[in-house]
Amino acid sequence: MASRRPGIPLQEVDGTPDYSNQSAFRRNTLPPRTYYIPDDSSLLLNGQWDFHYAPSPIAAPDPAAKDEQKQNDVHKSKDEWTTIQVPGHWQLQGHGIPHYTNVQYPIPVCPPFVPSENPTGTYRRSFFVPGSWASSGQLRLRFDGVDSAYHTWVNGVLIGYAQGSRNPSEFDVTQYVDRTGPNELVVRVYQWSDGSYIEDQDQWWLSGIFRDVHLLYFPQSRIEDWFLRANLDNENKNGLLIAEVDITSELQSTVQVDVLDQSFKRVGTAQTTCIGSRKAVLKISVKAVDKWTAESPILYTVSIQLTTRNSSPHIVTQRVGFRKVELKNGLICVNGQPIRFRGVNRHDHHPSFGRAVPLDFIRKDLLLMKTHNINALRCSHYPSHPKLLELADELGLWVIDEADLECHGFYDAIARPMDIPEEVDYEQRKKLTFAHAAKFTSDNPSWRAAYLDRMAQLIHRDKNHASVIIWSLGNEAFYGQNHQAMYELAKVLDPTRLVHYEGDPHAKSADMYSYMYPSVERLISLAKTEGVRADGTFEKPIVLCEYAHAMGNGPGWLEDYEKAFRDHPRLQGGFIWEWANHGLWKKDPDDKSYYAYGGDFGDVPNDGTFVMDGLLFSNHKPTPGLLELQKVYQPIETQLVSSDSRKVTLKITDLYDFALVDHLTASWKLETFSTSTTLHSAGVLDLPHITPRSSKNVELDLDRPLPFNSPTWLTVSFRLRNPTSWAEEGHEVAWSQFQVGIDNKIYHSLTYLPAYLPIQCESHGALTTITGQNFTVNFDNAQGYITSWIANGACLLEPSPSTGAAIIPSFWRPPTDNDNPASLPYWKRFGVNAMTSQLRSLDFSVSDDKVVVTTKMFHSPPILAWGYHVHTVYEIDAAGVIHIAVTLKPQSSDYVNTLPTHVPRVGLDLRLPRRLNAVKWFGLGPGESYPDKRSAQRVGIWSVDEVADLQTPYEVPQENGNRMGTRWVTIREPQGAGLRAKAGHGKWSDNCERNFSFVATRHSAKALEEAKHPCDLVEEDATLLRLDAKVAGVGTAACGPGVREDLLVKVEEMNFSFELDPLL
């Protein structure tokens, strides 16, 4: 065993804990280097460790105690030691609680100090050095992620300290390890440190060793680090590799670098001789190189070999992609071409393991991105799992790699005492607070070194990955002198990549302008004005590092943003916030299980449901929002130019940045729809040669003429010709659908018997009963509503327990997350959720073949002086069909305008017996659709066996399941009786949608609004059906613009009608 060197003192500055000293962030750590774990000389130390949880550092065990004292301590506290899984978080393994905040700090704001009640986890395990490792080399301990700060002991000797939760640290333990016997490793982890102030990302506060721990062996003469700059020549034709190789050796050595192509054929080599430890620089040219892009992720293998006399060579390998990143004509260009980001923001998160995310889970994430037309990834807001970038290199994604830096909570520390209302414009709030908030750390020279360390750690770890084309200085950390220093360091360490930082509004220390959540109108204005010279030119592009906040039922606006990107090339795309919900699976004592959010663990203060704002559910299954994004992001655009009975002309646009369309196949089909789907014709489309960002017309010559006076839809599909690293052959990349026949708006009703018995109408007090052949309809004369409908012995409509009505006009629906900030309080202020009705008149007109019931009602809320005059005409014919025509006229007070400007919806609420459960419809499907979230849905005839299958199980219950563009919908018992609803023949005003919307559900609006989690939902003993003439869009107002003005449901006069048919 080697003689042990003395350890370091517990505190760098006597009397000040390292975890409360912003200058003590790395003690006795090795210099940062590229991520590389040797296969044959590494020992993974993951698994079960001993664990002790203490409420504060002073109550933690002393790893440096003498053996006798240590035995006494173990005996005294044996019940306090347990076991824990590494990697993992202690809050998810029974110690403490998870805590969620978005912006605000959960601790008092007094940097660099942290609470005395600083939970401390002590990890302990033993290890043996593999006997196959030579005794002359170096041994290192490597931690890839520990939250938030930690001291490390080996065999009772304190060897180092580190913080920077998502950054790795390595310690040279050669002199502290017994190579023949067991070794004790102890890691004391502190929940809070001064680093916590600059790690205030929008996520759960979770502590512990959450990434891999390795013992590594390196030979005495070794390759320490390497930076392989795989660039292109001035013509972007040949590859140019500049290999900077750091070596440690006491002898003369030879460094050889070989470049191998995809078949492992050597295509370039270089060699140099070195004496002692130094940096060797080698250059290799690769002729006619296959360039790396996110669309063609072609990788080469680089082998680096260090050879010295009388020792085995040290060899490392690295996969690289040859590409050039630059600003050219004010645009971000790769290999000389401007690119478009179709991106997402992604946190490391697993619903059971927190940020201790298994690699296969990460791979599935990236495969989902690729199969949903996402081409870019922002690592928000810290370096992701180190192997994620290997996958991004392989699969093809543009990556913004971000430093582990955010201190957004200083905003609340400044803004709350100023009592700035949240309604104040965000830009104005920034002017009032950001400069003050920056003084805590970002514009404070005492934090400069900590900021620079986080930038250096990021770059050194990830510098060899082709997918990384932009470094980011962090997120929502205001702007100050330390960002300028980070930018300058980034340009010194790596001049081959661009630098991003949204907090720098004038791009002083960034190579692009970056914004969060601007409206489309403001975004277009910025493209035309920000940094634009008098001649219209500009130096830097614009990206949206966050947009289209995907919280709950959303996001809206995707098509609008995409159009802005296409119309204004300076807008080079953006990154949706965010990839996935961060729910943590929780099981309560009452056996209720759900994905938890802020406050569910008793964590105070918290930011509630704001952690549930992803395109994936917490289990990483797609939400409707991801399907919508997939359609909007599709790289092939198809437009209908013209059509006649024998020919259809299409315009096809290649929206790729580099790829031609020849890797795709295209097919088409023509379908007609009535009560079922009929395939008219189908075929294969021969795609012409189309270069990126250009278009060509193609013609479909039809063997059969289009059907006369029948709605016909053409669907064109583009699929992968061959399998790729991310999808199988035949995967659908893009599709478009067009109506090419005439939609006469008439869809087949029942075929009735030629004659019916006359209708009878009888009134007794408050009840009027209308009977005919095999049907009965009951009216409440006091309230003016249908209360029940029975046809062929089956009840089709039943009274609501709350209103007594089976059919009632309605303007309310459950709120969405995007409604909560503004629309919901607005609607409730006007009582839209509490409308009552007054019957003003009721009239019956009876003939042998029909009964006409005319009602005039006033729907209005308590307290307020506004409402709707509702004129409804019910016509019940001899076949038992109910025709309903509605006229709405809003009325304000005579003295002042008391009307709201908009409501959530306008339509009818119907209550059906629960047994009516199977749903079939002709319209948009199969998923939900809203006016600003409908692109992913196709016109067709769709069906589900159960009403529950129409619901979207949002993890925060809310409005869901709307289907737009409906021509008819049937709801019936399986293989039994039911009803069909369709647009009526009465008047439809232009502000209504004759191709209506419907929702069928078991959950009332009240139940959805009040439930915290899906397990809290209480079902109605009925099927609730909504038939709507107009519904509002969903927008992104939880964080961003609300619903587009023309997609609101305005309070104005409206006319619409529906027809209800009984089904046998």
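This briefing covers one helix, the internal cavities and one exposed residue of a predicted model. Local features require pLDDT of at least 70 and side-chain atom pairs pLDDT 80 or more, while totals for chains, interfaces and linings use all residues. Residues are numbered from 1 along each chain as its sequence is written, and side-chain values use heavy atoms, without hydrogens and water.

**Helix 7**
- Helix 7 spans residues 481-493; helices (H or I, at least four residues) and strands (E, at least two) are DSSP runs numbered from the N terminus.
- From first to last C-alpha, its 13 residues reach 19 Å, close to the expected 18 Å (1.5 Å times one less than the number of residues).
- Its buried residues (under 20% relative accessible area, 1.4 Å probe, protein chains only) are N482, H483, A485, M486, Y487 and A490.
- The cover over these buried residues includes helix 6 (448-462) and strand 30 (498-500).

**Cavities**
- Seven cavities of 30 Å³ or more are present; a cavity is a set of points on a 1 Å grid over the protein atoms alone where a 1.4 Å probe fits but cannot get out.
- The largest has a volume of about 130 Å³, volume being the space filled by probe spheres set on the points.
- Among its 15 lining residues (an atom within 4 Å of a point), L228, R229, A230, R323 and R497 are the closest to its centre.
- Strand 16 (residues 222-232) supplies the largest share of this lining, five residues.

**D701**
- D701 lies in strand 40 (residues 695-701) and counts as exposed because its relative accessibility is 56%, exposed meaning over 50%.
- Beyond neighbours within four places in sequence, D701 is in contact (heavy atoms within 4.5 Å) with R646 and K647.

Methods. 1 Å grid on protein atoms, 1.4 Å probe; cavity = no way out; pocket = protein on both sides within 12 Å on 5 of 7 lines; lining within 4 Å.
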